[in-house]
Amino acid sequence: MTYSASEALPSLSDRLTESILGIIREGGLRPGDAIPSARELAKRFAITTPTVREALRKLEATGAVEFRHGSGTYVGPTINNVVLANPHRPPITKDSVLQLISARLVIEPAIAAQSALARQPENLERLEAAVTNALVPPGGPAFALNFHVELAAASGNPLLQEVLASLLKVRVREQQQIRALYDNRGRDHEEHQAIAAAVRAQDAGQAERLTREHLDNIRQAVESAPEFS
């Protein structure tokens with residue numbers, strides 16, 4: 001790879017993170033699999049162990065690897081995600097929440113239309129099981145199924161599901177703020193029910209329209225809220 005004069009050259013630890021990711025991918029390692037120790041990696045790359053540990057800490061911050069005390073370093077749960085968390089993100093703002101909603105407005109209505117056409121019985125079962133999550137108040141117990149992720153799963157395209165799941169995970173604080181501001185649990189539940197019904201009926205136009213309206217309602221609730229940080 002070459003870099004222009006206006007681009008900063010990546011640091012040694014940055015280059016090393018790419019090399020470690022290469023070892024994981026080329027070795028076909030999956031989440032939970034052990035990777036070579038920092039000492040082994042240092043020997044392989046002919047560099048110091050502290051430099052390797054710095055690179056591993058960067059990867060840990062994104063969830064690509066995880067440390068287990070007294071056991072070693074393992075492939076983390078986000079290794080295959082197309083979107084990774086930035087461990088140095090600034091605090092959330094009203095603008096950052098609105099940016100998330102705007103991104104979802106670009107992505108999700110089209111996903112809903114595709115899901116209405118491609119959904120399978122097992123998708124409908126999971127989607128309808130996730131509908132009731134809208135009734136869980138902010139700060140309530142975590143739920144196993146996310147309605148919007150299950151809607152993407154019904155599209156039959158695993159990458160769409162991964163993109164949406166990764167986006168919501170990376171921007172989890174914004175998503176939590178959205179749930180706090182869009183706090184009419186009954187309305188949220190009814191909107192999810194209507195979207196699920198359109199998907200069940202294989203009405204792509206209706207699914208797309210209802211998803212767009214749902215996200216528009218969320219956007220309006222955030223826009224009308226006072227500034228926060």
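**Exercise 1. Is R219 buried, exposed or partly exposed, and what is its relative accessible area?**

*Solution.* The structure is a predicted model. The relative accessible area of R219 is 22%. Buried residues lie under 20% and exposed ones over 50%, so R219 is classed as partly exposed.

**Exercise 2. Describe the salt bridge between R219 and D216, and place both residues in their helix.**

*Solution.* Step one concerns the contact itself: the side chains of R219 and D216 meet in a salt bridge, with 2.9 Å from N to O. Step two concerns the positions. Both residues belong to helix 10, where they stand three residues apart, which means a separation of about one helical turn. An α-helix has 3.6 residues a turn, so residues three or four places apart point the same way. Step three concerns the surroundings: D216 is partly exposed, at 22% relative accessible area. Finally, a network of salt bridges links D216, R219 and E223.

**Exercise 3. Analyse the salt bridge between R212 and E208, and then the one between R68 and E66.**

*Solution.* In the R212 and E208 pair, the closest N and O atoms are 3.8 Å apart. These two residues are four residues apart in helix 10, and therefore about one helical turn separates them. R212 is partly exposed, with a relative accessible area of 36%, and E208 is partly exposed as well, with 30%.

In the R68 and E66 pair, the side chains meet at 3.2 Å, N to O. The relative accessibility of R68 is 35%, which counts as partly exposed. E66 has a relative accessible area of 28% and is also partly exposed. For the whole structure, the search finds 11 salt bridges.

**Exercise 4. Determine where H214 lies, whether it is buried or exposed, and which residues it touches.**

*Solution.* H214 is part of helix 10, which spans residues 204-223. Its relative accessibility is 2%, so H214 counts as buried. Leaving aside residues up to four places away in sequence, H214 touches H148, Y182, D188, E191, H192 and I195.

**Exercise 5. Identify the buried residues of helix 5 and explain why they lie on the same side of the helix.**

*Solution.* Helix 5 runs over residues 121-131, and its buried residues are N123, L124, L127, A130 and V131. Around the axis they cover an arc of only 130 degrees, and therefore they lie on the same side of helix 5. The face turned away from this buried side carries the exposed residues P121 and E125. The last step is to find the packing partners: the buried residues of helix 5 pack against helix 6 (147-153) and helix 9 (185-200).

**Exercise 6. Locate Q193, state its exposure, and give the separation of its C-alpha atom from that of A134.**

*Solution.* Q193 is placed in helix 9. With a relative accessible area of 40%, Q193 is partly exposed. Along the chain, Q193 and A134 are 59 residues apart, while their C-alpha atoms are separated by 9.6 Å.

**Exercise 7. Characterise the largest pocket by its volume, its lining and the helices that contribute to it.**

*Solution.* The volume comes first: the largest pocket holds about 580 Å³ of space. It is lined by 30 residues, of which F143, N146, Q175, Q176 and R179 are closest to its centre. At least two lining residues come from each of helix 6, helix 7 (158-170), helix 8 (172-181), helix 9 and helix 10. Helix 8 supplies the largest share, five residues. Sorted by class, the lining has 17 nonpolar, nine polar and four charged residues.

**Exercise 8. Repeat the analysis for the second largest pocket.**

*Solution.* The volume of the second largest pocket is about 200 Å³. Its lining is formed by 12 residues, and those closest to the centre are D14, T17, E18, L21 and L59. Helix 1 (12-26) and helix 3 (49-62) are the elements that give two or more residues to this lining. Helix 1 gives the most, with five residues. By class, the lining of the second largest pocket divides into five nonpolar, three polar and four charged residues.

Conventions: Residues numbered from 1 in each chain as written. Predicted model: local features only at pLDDT ≥ 70, side-chain atom pairs only at ≥ 80, totals over all residues. Heavy atoms only, no water. Buried < 20%, exposed > 50% of the residue type's maximum accessible area, 1.4 Å probe, protein only. Arc of directions from axis to C-beta. Contact = heavy atoms within 4.5 Å. 1 Å grid on protein atoms, 1.4 Å probe; cavity = no way out; pocket = protein on both sides within 12 Å on 5 of 7 lines; lining within 4 Å. Points joined across faces, edges and corners; volume = space filled by probe spheres on them. Nonpolar A, V, L, I, M, F, W, Y, C, P; charged D, E, K, R; others polar. Salt bridge = Lys/Arg side-chain N within 4 Å of Asp/Glu carboxyl O.
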